[in-house]
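Welcome, and please take a moment to look over the sequence and the structure. The report below walks through the chain in running text, with a small table along the way.

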Amino acid sequence: MAITAQDVNRLRQETGAGMMDCKKALTEADGDFEKAKDILRKQGQKIANKRADNTTSEGIVLTHVSPDGKTGRVVGFACETEPVSKVADFQNLAMALMDNAVAAKPATKEELLALPQGDGRTLQEHITDLIGKLGEKLDVTAYEVVTAEQVVAYNHSNGKLGVLVGLNNAGTTEVSEVGKDIAMQIAAMKPVAIDKDGVDSSIVEREIEIGKDQARAEGKPEAMLEKIALGKLQKFYKDNTLLNQEFVKDSSVTIAQLLEKTSKGLTIAAFKRIAIG
């Protein structure tokens, strides 16, 4: 059957796909709109499969803190190029991801992507459709939740970095300002854990081996390597665990000392740092 411009435009309005893609899909489906939609969806899946190994170094990171300030959520939604990250459809889908996260409260990224939308299809299926439309790999790189007595969020100005930090035992002290400072510290200094007890054992083992290799290369005696490596490990903890880092706004105090100075007993319950690129 003949495919009219009105038919193509209608399919475009319903799917958001390009004019030529809509015309090809309608032609292949002999004018059947539902079949044409299925063809467009399969096209999105083909592009997704083809570009699965591509790097996603652009995108947006969104944060949200509940009205009571006790739960924070962060979503990272990535694409391949900066122009695509500015497209309205990409931005709107990122917002939909966060809106669904806030409304449904999924515990994991997998649960978030499996949430059904108004048309009965999941968020993952909508992402696949948009891949077909935009022709790039799109990926939810992270979804994290932080709960505490008070959660503070920070978004970097480039839109590609977000931090949540959860604080406990604030007492009656207003801690939002120091919470923001600590969130910015996390953004800038990239700690791997709150304190040394939270550092993954594989990281500790790697740092010890690196310390030994460095000492060996400097000609230190084999019997001294372990002791030297453990000394270097303490330096690693100082530089890479949040409580032991020097406060970037005042290097005379550590983050642990800043917390105690702000409110006795104030602690960091958890933090999440999500970055794209």
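Where is the place of N169? N169 sits in the loop between β5 (161-168) and α8. Please keep in mind that this is a predicted model. The phi of N169 is positive, about 60°, although N169 is not a glycine. As background, most residues other than glycine have a negative phi. With 42% relative accessibility, N169 counts as partly exposed.

D30 makes a good companion to N169. The phi of D30 is near 55°, a positive value in a residue other than glycine. D30 is found in the loop between α2 (19-28) and α3 (33-50), and at 56% relative accessibility D30 counts as exposed.

**The chain as a whole**

Now step back to the full view. The protein chain has 11 helices and eight strands. Its radius of gyration is 25 Å, well over the 19 Å that the globule rule gives for 277 residues, so the chain is more spread out than a compact globule. Along the principal axes, the C-alpha trace spans about 80 × 55 × 25 Å.

Of the 277 residues in the protein chain, 40% are buried. The accessible surface of the chain comes to about 14700 Å², and carbon and sulfur atoms account for 50% of that surface. Contacts tell of the fold too: among those between residues at least 6 apart in sequence, 62% join residues at least 24 apart.

**Some residues in loops**

Several loop residues can serve as landmarks while you turn the model. The table gathers them with their relative accessibility.

| Residue | Loop | Relative accessibility |
|---|---|---|
| D197 | between α8 (176-189) and α9 (201-217) | 72%, exposed |
| D30 | between α2 (19-28) and α3 (33-50) | 56%, exposed |
| N169 | between β5 (161-168) and α8 | 42%, partly exposed |
| T108 | between α5 and α6 (109-113) | 30%, partly exposed |
| K137 | between α7 (123-134) and β3 (139-147) | 17%, buried |

Three of these landmarks also help with distances. The C-alpha atoms of D197 and I3 are separated by 66 Å, and the two residues are 194 residues apart along the chain. T108 and E226 are 118 residues apart in sequence, and from C-alpha to C-alpha they are 40 Å apart in space. K137 and T267, 130 residues apart in sequence, are 40 Å apart in space, C-alpha to C-alpha.

Why does K137 count as buried? Its relative accessibility is 17%, and buried means under 20%, so K137 falls into that class. Leaving out residues up to four places away in sequence, K137 touches R51, A52, N54, T56, A78, C79 and E80.

**The hairpin of β1 and β2**

Next, find strand β1 (residues 58-65). Six of its eight residues are buried, so β1 is largely enclosed by the rest of the structure. Eight bridges join β1 to β2, and the two strands run antiparallel. Together they form a hairpin with five residues between them. In the turn, G69 has a positive phi of about 75°. Across the pair of strands, I60 stands opposite F77 in β2.

**Aromatic rings**

F77 leads on to the rings. How many aromatic pairs are there? The count comes to two aromatic pairs. In the pair of F77 and F90, the ring centres are 4.5 Å apart and the planes stand at 5°, so the pair is stacked. F77 lies in strand β2 (residues 71-79) and F90 in helix α5 (residues 88-104), so the pair ties together parts that are 13 residues apart in sequence. Both F77 and F90 are buried.

Elsewhere, a charge meets a ring. The charged end of R10 sits over the ring of F33, 3.7 Å from the centre of that ring.

**Another hairpin**

Finally, look at strands β6 (residues 246-247) and β7 (residues 250-254). Two bridges join β6 to β7, and these strands run antiparallel. The hairpin that joins them passes through two residues. Here F247 stands opposite D250 in β7.

Note on methods
Residues are numbered from 1 along each chain as its sequence is written. This is a predicted model: local features need pLDDT of at least 70, side-chain atom pairs count only at pLDDT 80 or more; totals for chains, interfaces and linings use all residues. Side-chain values use heavy atoms; hydrogens and water are left out. Rings of Phe, Tyr and Trp (its six-membered ring) pair if their centres lie within 6.5 Å; planes under 30 degrees apart count as stacked, over 60 as edge-to-face and the rest as tilted. Helices (H or I, at least four residues) and strands (E, at least two) are DSSP runs, numbered from the N terminus. Buried means under 20% relative accessible area, exposed over 50%, partly exposed in between (1.4 Å probe, protein chains only). A charge sits over a ring if NZ of Lys or CZ of Arg is within 6 Å of the ring centre and within 35 degrees of the ring normal. Two strands pair if DSSP finds at least two bridges between them. The radius of gyration is taken over C-alpha atoms; the globule rule is 2.2 Å times the number of residues to the power 0.38. Contact means heavy atoms within 4.5 Å. Accessible areas come from the Shrake-Rupley method with a 1.4 Å probe; for residues, only the protein chains shown count as cover.
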